[in-house]
Amino acid sequence: MGYRRREYDYLVVGGGGLGTSVAYFLSHLPGRTLVLERFYENHPFGSSHGKTRILRTAYAEGSVFVPLVLRARELWKDLNREAGQQIFRPTGVLLVGRRDSPEVDRARESARSYGLPYELLSEEAAPRRFPAFHFTSDDVALWDPGGGVLFPERAIHSYRRLAFQRGVRFRWNSPLERWDEQADGRIRVGTPNREYIAERVVLAVGAWLPSLTRELHLPLRVEQQTVFWFRPRPGDQHRFRTMPAFVWYGSRGEYFYGTPDLGNGVKIGGSQGQAIRNPARRPPPSARELRSVQEFRDDRLPGLSSRALRAVRCLYTNTPDRNFIVDLHPGNPRIILASACSGHGFKFVSALGELIATAAGTGKLSAPLAPFRLPSPRAPRSAFLGLKGRRG
Ligand SMILES: Cc1cc2nc3c(=O)[nH]c(=O)nc-3n(C[C@H](O)[C@H](O)[C@H](O)COP(=O)(O)OP(=O)(O)OC[C@H]3O[C@@H](n4cnc5c(N)ncnc54)[C@H](O)[C@@H]3O)c2cc1C
């Protein structure tokens with residue numbers, strides 16, 4: 001079949017975690033794929049930068065996510081092998097909450113219902129096993145040995161490199177500005193200086209989804225979050241290098257999370273975000289965010305230095321139920337909306353990329369994507385998700 005220049009079977013908009021994963025899986029299908037990215041590979045303006053992400057299997061947001069996270073972990077391990085570098089590191093994850101913590105209960109229920117290994121640690125066992133942390137007698141600690149740490153920049157680079165080797169083309173500094181439907185049904189999209197035509201389009205634009213789909217009035221809230229890195233005090237390095245990733249749930253819905261010292265210090269983030277309207281205009285980190293992380297660090301990780309080494313800002317795109325959105329555009333089923341990961345989506349990017357690429361190839365969403373469809377008045381998705389939870 002002959003192609004005219006700038007005509008593609010698949011056009012992926014967004015070269016972050018999800019877009020590059022979709023592009024990688026599309027590169028296994030016949031057809032031509034183009035990725036348009038507003039900035040450049042691994043830029044710091046979206047949601048996928050910041051060195052580490054946590055992969056949990058005992059899933060506090062609900063057991064509906066467990067099959068997806070297990071598939072995602074398989075695919076991350078495959079990517080480790082194919083890329084020839086470590087993208088997933090199996091450190092295990094420690095979840096801590098108060099004795100009546102609904103998050104820890106739900107995580108335990110997720111693990112139990114899928115027969116995943118987990119341990120509830122006693123008051124004596126927790127500090128012996130994990131001496132980096134300070135526990136109190138009110139705490140309950142759940143050990144998720146199947147979890148670990150992902151390296152997002154390496155993942156994105158690997159997906160991009162492998163997809164490119166299989167013929168996918170990438171255009172940096174190429175924001176999609178407009179799209180319309182041609183007489184033959186294909187989609188024409190425009191960037192500031194070019195137009196492209198595609199059979200199918202995947203919108204994996206993260207925090208830019210609300211502004212690109214204003215007509216849909218999606219109930220999305222974009223939040224800026226700041227994460228901080230702290231150096232272990234001299235003599236304390238070993239405890240922080242060997243500690244697992246963690247999520248620490250408070251009693252009022254707040255939480256903190258972090259990853260071990262892998263050479264850059266211990267990373268800590270919290271749930272104190274700032275709502276923003278325009279992802280291009282981002283406020284400086286608030287004093288409140290730093291203060292709440294410092295208080296957590298002093299209470300729970302007392303061997304860390306008091307000054308933050310570094311602070312990085314990053315964006316969440318939240319739905320009201322903290323779920324994801326993956327669906328066909330209600331106005332044009334050739335367009336797939338694939339965004340809004342509500343602050344806990346990176347771990348799933350491998351499995352979602354596989355499912356979304358298949359959906360782009362077949363024009364149909366498969367059953368595992370059903371929980372992520374847009375809510376409809378007849379079948380609100382919260383009815384079958386029962387989501388209330390937190391993230392990390
Ligand atoms: C601080 C923080 C901590 C997190 N921790 C975890 C964690 O521990 N575990 C976990 O699983 N998840 C975590 N997440 C969530 C996870 O990182 C995100 O869900 C995931 O990275 C979203 O990927 P994305 O591809 O949808 O978005 P992005 O990576 O932002 O990609 C969207 C891309 O689209 C591009 N774009 C936008 N508009 C256009 C346009 N018009 N044309 C072309 N390109 C466009 C953007 O430039 C961007 O590169 C965290 C997120 C943050 C911010």
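**Helix packing and the ligand site**

Let me begin with helix α2, residues 66–83, whose partner is helix α9, residues 349–362: these two pack at an angle of about 95 degrees, with their axes 7 Å apart. I should say straight away that what we are looking at is a predicted model. Since angles of 65 to 115 degrees count as roughly perpendicular, α2 and α9 are therefore roughly perpendicular to each other. On the α2 side the residues that meet α9 are Leu 68, Arg 71, Ala 72, Leu 75 and Trp 76, and on the α9 side they are Val 349, Ser 350, Ala 351, Leu 352, Glu 354 and Leu 355. Sorted by class, this contact of α2 with α9 holds 8 nonpolar residues, 1 polar and 2 charged.

Now let me stay with α2 and turn to a second partner, helix α5, which covers residues 152–165. Here the axes of α2 and α5 come within 11 Å and cross at roughly 65 degrees, and the crossing in which α2 passes α5 is left-handed. From α2 the contact takes Trp 76, Leu 79, Glu 82 and Ala 83, while α5 brings Ala 155, Ser 158, Tyr 159, Arg 161 and Leu 162. In this contact of α2 with α5 there are 6 nonpolar residues, together with 1 polar and 2 charged.

Helix α5 also packs with helix α1, residues 17–26, at an angle of about 30 degrees, and their axes lie 8 Å apart. Angles under 35 degrees count as roughly parallel, and α1 and α5 are therefore roughly parallel to each other. The crossing of α1 past α5 is again described as left-handed. Gly 17, Thr 20, Ser 21, Ala 23, Tyr 24 and Phe 25 are what α1 contributes, and they meet Ile 156, Tyr 159, Arg 160, Leu 162 and Ala 163 of α5. The residues of this contact of α1 with α5 are 7 nonpolar, 3 polar and 1 charged.

Finally, let us move to the ligand. Which residues come nearest to the ligand, out of the 35 around it? They are Glu 37, His 43, Ser 48, Arg 53 and Cys 314. Looking at individual atoms, one finds an oxygen atom of the ligand 2.8 Å from a polar backbone atom of Ile 54, and a nitrogen atom of the ligand 3.3 Å from a polar backbone atom of Gly 343. With Lys 347 the side chain is involved, since an N or O atom there is 2.8 Å from an oxygen atom of the ligand.

Methods: Residues numbered from 1 in each chain as written. Predicted model: local features only at pLDDT ≥ 70, side-chain atom pairs only at ≥ 80, totals over all residues. Heavy atoms only, no water. Axes fitted to C-alpha atoms, helices over the stretch in contact; angles between N-to-C directions. Helix = DSSP H or I, 4+ residues; strand = E, 2+ residues; numbered from the N terminus. Parallel < 35°, antiparallel > 145°, perpendicular 65-115°, else oblique. Left-handed = near helix turned anticlockwise from the far one by under 90°. Contact = heavy atoms within 4.5 Å. Nonpolar A, V, L, I, M, F, W, Y, C, P; charged D, E, K, R; others polar. Near = heavy atom within 4 Å. Polar contact = N/O pair within 3.5 Å; in protein donor to acceptor, adjacent residues only side chain to side chain.
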